[in-house]
Every structure is written in C-alpha cells, then in structure tokens.
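Open the model in your viewer and keep the selection panel at hand. The tour has three stops: a ligand, a helix and a strand residue.

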Amino acid sequence: MSQIHARTCHICEANCGVLVEVEGREILSIKGNPDHVLSRGHICPKATAIADLQDDPDRLHKPVKRVDGDWQEIGWEQAFSEIAARLTDIKGQGGKPAMYLGNPSAHDYGITTQVGQLRRAIGLKNLYSASTLDQIPHHVVQYHMFGHVSLCPVPDIDRSQYLVIVGGNPAASNGSIWTVPDFKKRVKEMQARDGQLVVIDPRRTETAKLADAHHFVKPGTDTALFVAILKTVLQLSPELNDVLAALVDESWENIRPAIANFDLPQLSAFCGVSTEVIEDIAQNLCDDKPGAIYGRMGVSVTEYGTLNQWLIQAINIASGNLNREGGTLVPEPALDTINIVGRGSVETIDTARGEMPNIMGELPTITFAEEMLREDEERIRALFVMTGNPVLSAPDGARLDRALEKLDLMVSFDMYVTATSRHADYILPPCGPMEKDHYPFFLGPLAVRNYACYSPAIFDMPEGEKADWEIVAELAREIFAASGQDIPNIREPRDVLDNMLQSSPRGMTLAEIEAEPNGIDLGPLMPHLEDRLLTEDKKIQAAHPDFMEELGRFANSLNEDQPDTLRLIGRRHVRQNNSWLANSKRLQKGPNRCTLMINPADAEARGLADGDMATVESRVNSVDIIVEITDDVMKGVVSIPHGFGHQREGVELSVARENPNVSINDLTDPESYDRLSGNAVLNATPVTVARMAELVAAE
Ligand SMILES: Nc1nc2c(c(=O)[nH]1)N[C@H]1C(S)=C(S)[C@@H](COP(=O)(O)OP(=O)(O)OC[C@H]3O[C@@H](n4cnc5c(=O)[nH]c(N)nc54)[C@H](O)[C@@H]3O)O[C@H]1N2
Ligand SMILES: Nc1nc2c(c(=O)[nH]1)N[C@H]1C(S)=C(S)[C@@H](COP(=O)(O)OP(=O)(O)OC[C@H]3O[C@@H](n4cnc5c(=O)[nH]c(N)nc54)[C@H](O)[C@@H]3O)O[C@H]1N2
Ligand code: SF4
Ligand SMILES: [Mo]
C-alpha cells in the first residue's frame with residue numbers, strides 16, 4: 001500500500017511543499033502540494049531529484065578513510081576517534097584548524113543547532129563559508145542600517161505594482177534572500193493587476209523573458225545605475241514620507257549632497273542603461289503605487305557589492321517603498337531569530353593578505369587557499385569541510401586543489417567523493433534526505449508570507465547511518481574528550497527548535513506546527529519596522545560613514561578607463577543547484593548545459609561557430625568549453641554556469657562526469673573582492689576567448 005507524505009523540499013530557498021508518495025522504502029512520485037500555505041502547489045524539476053539523491057548508487061553510506069589513494073570503509077567509532085586524536089595532536093604542536101561551511105547546511109536546521117558545539121570543540125571563533133561567496137554584503141548593510149545582520153526587508157510581491165529586479169533570476173533560482181516559491185505565478189498575478197516587472201541583467205534570462213521590460217547592463221557597473229536611479233528619485237521626491245521621516249536618522253541628509261554631485265549622462269554611459277530608462281524607473285518607483293527595487297547575486301558578488309545593497313535600500317527609502325505594503329517588508333515568522341540571537345558583528349581580522357573584513361565571524365573565503373599555503377605557524381593544517389564544495393564554488397579552484405593537498409588532516413561531511421572531498425582523509429556521509437526532518441530555519445525569516453511548516457522524516461534511518469546533526473554532535477563530543485575538555489550533553493535539534501519557537505514573539509510550539517503538515521499561514525507581511533529596529537536609537541542609520549567613503553571611492557573609479565575585454569558572468573539553471581545535484585540522472589538529461597554563451601557578434605569576431613570548443617582565459621587560469629551562440633547575452637559578455645568541473649581526477653560522480661564540463665571558478669579571481677564585506681567577486685571577470693588551440697592547429 002502506498003502512502004503520501006506532505007513535506008518541504010529542502011533543495012533551494014523557496015522551500016516548496018511537496019507530496020511524496022512512497023511504498024515501503026520506494027519513492028513512487030514527488031508532486032507539488034496544492035494545499036501548502038506558501039508554495040500553493042508549485043514545484044520545479046529539482047524536487048524530483050530528491051529521489052535520485054535518496055537512491056543514488058554513488059552515494060556513500062559509511063565513513064571512508066583515504067589510505068594510499070584508496071577509499072576504505074571504516075566504522076563511525078574508528079572515524080571519530082582517529083579524527084579526534086589527529087586533531088588533538090596537530091593542535092598540540094600548535095597547528096591551526098579551520099572549517100568551511102557550505103550551502104546545504106543552511107537548509108538543514110539540525111546542522112545549525114549542532115555546529116556551534118563542534119566549533120567550540122575544535123576551538124574555532126571564525127570560519128570560512130559559502131556566505132562570503134554570496135550574501136555577506138547584505139548582512140553588512142542590514143547590520144549598519146537596521147541594527148541586526150538578519151533584519152532583511154523583502155519585496156512584498158503579492159501586493160506590489162512595480163518590481164525592478166537587478167542581477168537576480170528568480171524564474172530559475174526561485175528567489176534568493178527572498179523565499180518566493182511560485183515566482184512566475186506571482187509575477188503573472190502582479191501583471192494581471194496592471195503591475196509591471198522590470199529586469200536589469202547582462203543576459204536575457206528566464207526572468208527577463210517574463211518581464212514587461214528588460215535592459216542590458218554592463219557587468220560590474222550597476223553601482224552607476226543605482227546612483228543614477230537614486231539621484232533621480234531624490235529629485236522627483238525630495239522629502240521623505242511621514243512614516244520614513246520618523247524612522248530614518250539625520251544622516252539621511254548626508255546622502256543628498258553626495259549623490260547630487262554625480263552626473264547622470266556619465267553614470268548612464270558607464271553602465272550602458274539609457275537616461276530615459278533610468279528616469280522611467282525612478283518615476284515609477286516614486287508614483288503612488290507600491291513598488292520596490294531588489295538586487296541579488298549579479299550585484300552582490302561584485303567589487304561594490306555592499307555599496308550596491310546599500311544603494312538599493314536607499315532607493316527604497318527615498319521612493320517611500322521601504323516598510324510599506326507592496327514595497328519591502330521584514331517578515332515576522334514563527335521562528336524569529338532576530339529576537340533570539342545577537343545582532344551579529346562587523347569587524348576586521350588579520351589574514352595572510354593583511355587586514356580583511358570579518359562579518360559575523362565569517363572569514364573571507366577568497367583568502368582560504370593562501371591560509372593553507374602560507375609557510376609560517378599560522379598555516380591552516382587541519383580542515384573540516386561541511387556540506388561544501390569550495391574547489392568548484394570558490395575563485396581559483398585549481399589553487400584550492402593544491403592547497404587542500406598540503407593539509408595534515410582534512411575531514412569532509414559529504415555523501416559523495418567530490419572535487420573537494422577527494423582531498424579528504426575522512427569523508428563522513430549523512431543519511432538520505434528522506435531520513436531527515438526539516439524546518440525552514442533561515443528561510444522563514446525571508447518568506448513572502450509569514451508562515452511555519454515542519455516536516456518529519458519519511459523513512460526510518462537505516463542501520464548504521466546517521467543524520468548530519470548526529471555526526472557533528474558525536475564528533476564534537478569525541479574531540480572534547482580527546483582534548484580533555486568537559487563533554488557537553490547533546491541537545492537534540494527538535495528540542496532546540498521547540499525552545500526557539502516558544503521564545504519567538506509568536507510563542508508557538510513545535511507540536512502545534514507539526515500538527516499541520518501543509519504549514520500554518522500567519523498572514524501577509526506587515527509594516528512593523530519601527531518595532532523591529534535594533535540600532536541604538538531605534539532609527540534606521542541611513543548613511544554609515546563606511547558607505548559614504550565607499551561612494552567616494554566609486555566616484556573616483558568613474559573617471560578610470562574601463563578595460564575593453566570580454567566580461568565573464570555566471571548563470572544558474574532550473575535543473576541544477578550549485579554543484580550538488582550534478583549526479584541526478586533525472587536532472588542531467590538533455591543537452592549539456594555547461595556551455596560558454598557568447599553573443600553572435602563576439603563569436604563571429606573570433607571565428608567561433610555553435611558547438612566549437614573555445615579556450616577561455618583569465619588572469620588565473622584557462623578552460624576549454626563548448627560554444628553556445630545566443631543573443632540572450634549582451635555583446636561584450638560571455639557566460640558559464642557555476643557548479644560544474646566534475647571531471648577532475650578521482651571524483652566519483654558517474655552521471656556528473658558523463659558530459660564534458662568545466663568550472664567557471666577556475667577562471668574567477670580571488671584577488672578581487674568587495675572591500676566592505678570581504679565577499680568574493682564572481683561576475684564581470686575579464687577574459688579572452690579564442691578557438692581552442694588544437695582546433696586551430698588541425699585546420
Ligand atoms: N562563479 C560562481 N561561483 C559561485 C556562485 C556563482 O553564482 N558563481 N554562487 C555561490 C553561491 S551563492 C553559493 S551558495 C556557493 C555554494 O558553494 P558550496 O556550498 O561550497 O557548494 P555546493 O555546490 O552547494 O556543494 C554542496 C556540497 O554539499 C554536499 N551536500 C548536499 N547536501 C548535503 C547534505 O544534506 N549533507 C551533507 N553532509 N552534504 C551535502 C554536496 O554533495 C556538495 O558536495 O557557490 C558559490 N559559487
Ligand atoms: N535552479 C537553481 N536555483 C538556485 C540555485 C541554483 O544553483 N540553481 N542556487 C541557490 C543559491 S545558493 C542562490 S545564492 C540563489 C541565487 O539566486 P539569484 O541571484 O536569483 O540567481 P543567479 O542566477 O545567480 O542570478 C544572478 C543574475 O545576475 C546576472 N548578472 C551577472 N553579473 C551581473 C552584473 O554585473 N549586473 C547585473 N545587473 N546582473 C548580473 C546574471 O546574468 C544572473 O541572471 O539561487 C538559489 N537557487
Ligand atoms: S523551487 Fe526549490 S524548493 Fe521548490 S521544488 Fe524546486 S528546488 Fe524544491
Ligand atoms: Mo548561495
């Protein structure tokens with residue numbers, strides 16, 4: 001007899017409700033749950049890949065140890081005790097440990113509840129993570145402006161009449177720092193009530209194709225666009241509305257003269273967006289109708305990522321759209337971490353590269369390789385990589401490959417032998433996704449409606465397997481013991497969650513949430529920012545001096561010559577998720593997606609035809625890749641998706657290795673970063689493109 005279980009899809013930030021039909025331990029189907037309070041039946045193809053993850057023959061089920069280049073299965077006890085002993089030994093010699101925390105940990109609340117204990121056991125204040133390849137600029141802005149790194153206003157799309165998306169592709173990504181399942185339908189609903197979507201992107205993306213207008217922008221130049229929009233908005237609506245005037249501190253007045261100095265035609269020429277388009281956007285944002293401007297990866301992972309995110313907030317304030325229904329609003333979910341965890345921190349730290357930003361204890365991942373390669377006593381000698389694949393996700397992956405080989409101890413928490421975990425001494429694999437429970441710990445606070453939803457595990461845990469949280473907790477205890485520290489009791493994730501829910505303003509219990517498998521709708525987002533600000537004077541700190549100084553640096557850069565090279569940008573496809581669904585046979589069906597997109601004019605100038613092999617070269621390295629000619633990318637821009645590069649020696653992902661694929665992060669450059677956050681620059685990389693040398697030689 002088959003059974004149907006309502007569950008949350010844990011793959012991406014959208015957190016859609018799915019219905020999983022199972023018979024015994026067999027997954028018969030995974031469908032959208034029409035009764036789910038947030039996703040209303042929506043799913044994307046990746047949901048079906050959960051079955052591939054669950055049943056993947058390449059997935060590890062037992063810990064493995066690398067002995068003379070071969071993987072040996074070992075027991076948990078042996079793995080934990082050997083790792084603890086080796087770590088204690090390395091630390092005893094004064095050797096430095098480190099940790100890298102990858103993206104899937106943000107989708108597993110169990111890990112979130114235990115990782116602090118492992119950090120304490122290892123003795124780590126700071127860590128590397130995917131966050132400094134991603135959203136750290138948002139946290140810097142939120143910390144300074146709103147007083148908490150996680151106080152994040154999101155576009156209230158369901159009541160908005162005008163939405164500008166810059167450098168985000170939610171039609172493929174399903175939203176980021178914005179949990180917005182069923183994005184396409186929400187856009188269609190907005191358009192049906194005469195609302196408009198405008199997209200600014202160097203590629204005519206899936207989102208651009210839904211939009212009422214799409215405009216190309218030169219990669220890496222959006223700061224000029226934002227300054228231009230802000231300048232125009234400040235001219236059109238010189239006074240703040242009453243709500244915002246009461247919320248914003250007096251530093252707001254410093255913004256006006258600083259922005260007035262910029263020249264609109266110069267800004268427009270710099271970013272390639274016409275003054276008419278800029279004026280039209282500003283006009284629409286200032287109209288009575290509610291609207292918002294939102295920017296994501298394309299404007300976060302650039303040299304001025306933090307400045308860009310600050311300018312976005314400033315535009316939403318100046319146009320009266322922050323803290324407004326249909327504008328941007330801060331969610332109030334059942335689990336409201338704002339009131340439970342500290343405000344976060346914005347500091348600096350000494351690194352191999354000198355002083356660098358240290359945001360919420362996050363070390364800049366761009367400096368990760370050099371901290372392993374340095375020769376002094378500060379060298380990282382022991383590394384724990386949890387749910388991450390930095391060789392493919394961080395800039396200059398080939399250098400990371402070399403750096404990881406120098407470690408005296410490396411432990412990967414992963415279920416595959418990947419480009420990264422192949423370097424490990426031990427791989428500790430978790431159970432399958434159907435054997436874990438789920439709560440949208442980090443994503444509820446970013447969702448377009450206030451809600452709660454808990455999903456229990458569907459399958460029992462097979463004998464001898466463990467969930468990530470257990471692996472983390474048990475290893476932590478073993479390390480505490482080996483190093484002679486007190487051994488703390490394990491607090492199970494469910495208990496921690498229940499406690500946090502009850503301590504949140506809504507005071508709900510896990511039991512009451514669990515009783516509703518389709519989730520509990522807690523209503524639309526509300527304009528309550530005045531009650532939520534955590535700055536000292538409870539006002540929005542409009543113009544932190546760091547942002548003003550950075551604006552000055554940007555102003556000076558406007559007068560520098562822009563190099564006339566091709567610019568490389570990334571892309572995401574709805575059938576992949578970073579590097580970690582590459583082995584799903586359902587998702588990898590169809591044409592090879594790891595291609596170099598190039599505009600017809602740029603291809604012609606280089607004698608490239610569709611399907612040719614091209615060599616793409618950056619300052620750090622070069623790759624050979626299949627050419628896909630398309631006028632969806634603007635002239636002067638080429639695009640390679642990230643999350644590929646599985647053909648490295650020793651990677652045990654049979655499906656992912658079938659098609660030729662390379663890593664864009666063998667081209668991205670760790671020397672470039674956002675000065676205010678330490679975040680990596682992963683777009684607008686200067687590159688040259690030519691027909692592959694072997695092809696030319698054969699002609
Ligand atoms: N050029 C370029 N680079 C990028 C980006 C880009 O846009 N362009 N995007 C960046 C962004 S936003 C991110 S978030 C990072 C992601 O970068 P990472 O987090 O470093 O890498 P992922 O590819 O997400 O790899 C996740 C790993 O975790 C494993 N895994 C998956 N689920 C689980 C689980 O439940 N338990 C355990 N133990 N392991 C699991 C997978 O097998 C995989 O090896 O990449 C960044 N890199
Ligand atoms: N299907 C799928 N969904 C995902 C993921 C995935 O890998 N696949 N990853 C998840 C993760 S970890 C994240 S962080 C989110 C990211 O979610 P998004 O940010 O929505 O996704 P991206 O595709 O990275 O969108 C970045 C866009 O910026 C554009 N861009 C590049 N450079 C520039 C520039 O200089 N200026 C401007 N204006 N635009 C630029 C790119 O063309 C691209 O369309 O997606 C999440 N969801
Ligand atoms: S959009 Fe994200 S959460 Fe929804 S089904 Fe797809 S992968 Fe899962
Ligand atoms: Mo991400």
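How do the residues of the shell around ligand 2 divide into nonpolar, polar and charged? Select that shell in this predicted model. You should find 10 nonpolar residues, 14 polar ones and eight charged ones.

**Stop 1: ligand 2**

In total, 32 residues surround the ligand. Highlight the closest: D201, D222, R572, Q576 and N578.

Now pick out individual atom pairs. Start with D201. A side-chain N or O atom of D201 sits 2.6 Å from an oxygen atom of ligand 2. Move to H573. Here the backbone provides the N or O atom, 2.8 Å from a nitrogen atom of the ligand. Then go to Q576. One of its polar backbone atoms is 2.6 Å from a nitrogen atom of ligand 2.

Switch on a surface. Taken on its own, ligand 2 has 920 Å² of accessible area, and the protein covers 97% of that. Next, colour α5 (170–173) and α13 (297–300). These are the elements that give two or more residues to the shell around ligand 2. The largest share is that of α5, with three residues.

**Stop 2: helix α10**

Select residues 252–260, which form helix α10. Which of its residues are buried? Show W252, I255 and I259 as sticks; these are buried. Turn the view to look down the axis of α10. The buried residues fall within an arc of 40°, so they line one face of the helix. The spacing rule is familiar: an α-helix has 3.6 residues a turn, so residues three or four places apart point the same way.

What covers the buried residues of α10? Add α8 (222–236), α14 (305–318) and α22 (545–557), which are among the elements that do so.

**Stop 3: R449**

Select strand β20, residues 449–452, and find R449 in it. Is R449 buried or partly exposed? R449 is partly exposed, because its relative accessible area is 25% and buried means under 20%.

Expand the selection to its contacts. Beyond its neighbours within four places in sequence, R449 touches L38, D521, G523, P524 and L525. Look at D521 in particular. The side chains of R449 and D521 are joined by a polar contact of 2.8 Å.

Finish with a distance label. Draw it from the C-alpha of R449 to the C-alpha of A79: 43 Å in space, with their positions 370 residues apart in sequence as the separation.

Key
Residues are numbered from 1 along each chain as its sequence is written. Chains are lettered from A and ligands numbered from 1 in the order in which they are written. This is a predicted model: local features need pLDDT of at least 70, side-chain atom pairs count only at pLDDT 80 or more; totals for chains, interfaces and linings use all residues. Side-chain values use heavy atoms; hydrogens and water are left out. Buried means under 20% relative accessible area, exposed over 50%, partly exposed in between (1.4 Å probe, protein chains only). Helices (H or I, at least four residues) and strands (E, at least two) are DSSP runs, numbered from the N terminus. The arc is that of the directions from the helix axis to the C-beta atoms. Contact means heavy atoms within 4.5 Å. A residue is near a molecule or strand if one of its heavy atoms lies within 4 Å of it. A polar contact is a pair of N or O atoms within 3.5 Å; within protein, one must be able to donate a hydrogen and the other to accept it, and residues adjacent in sequence count only if both atoms are side-chain atoms. Accessible areas come from the Shrake-Rupley method with a 1.4 Å probe; for residues, only the protein chains shown count as cover. Ala, Val, Leu, Ile, Met, Phe, Trp, Tyr, Cys and Pro count as nonpolar, Asp, Glu, Lys and Arg as charged, and the others, Gly among them, as polar.
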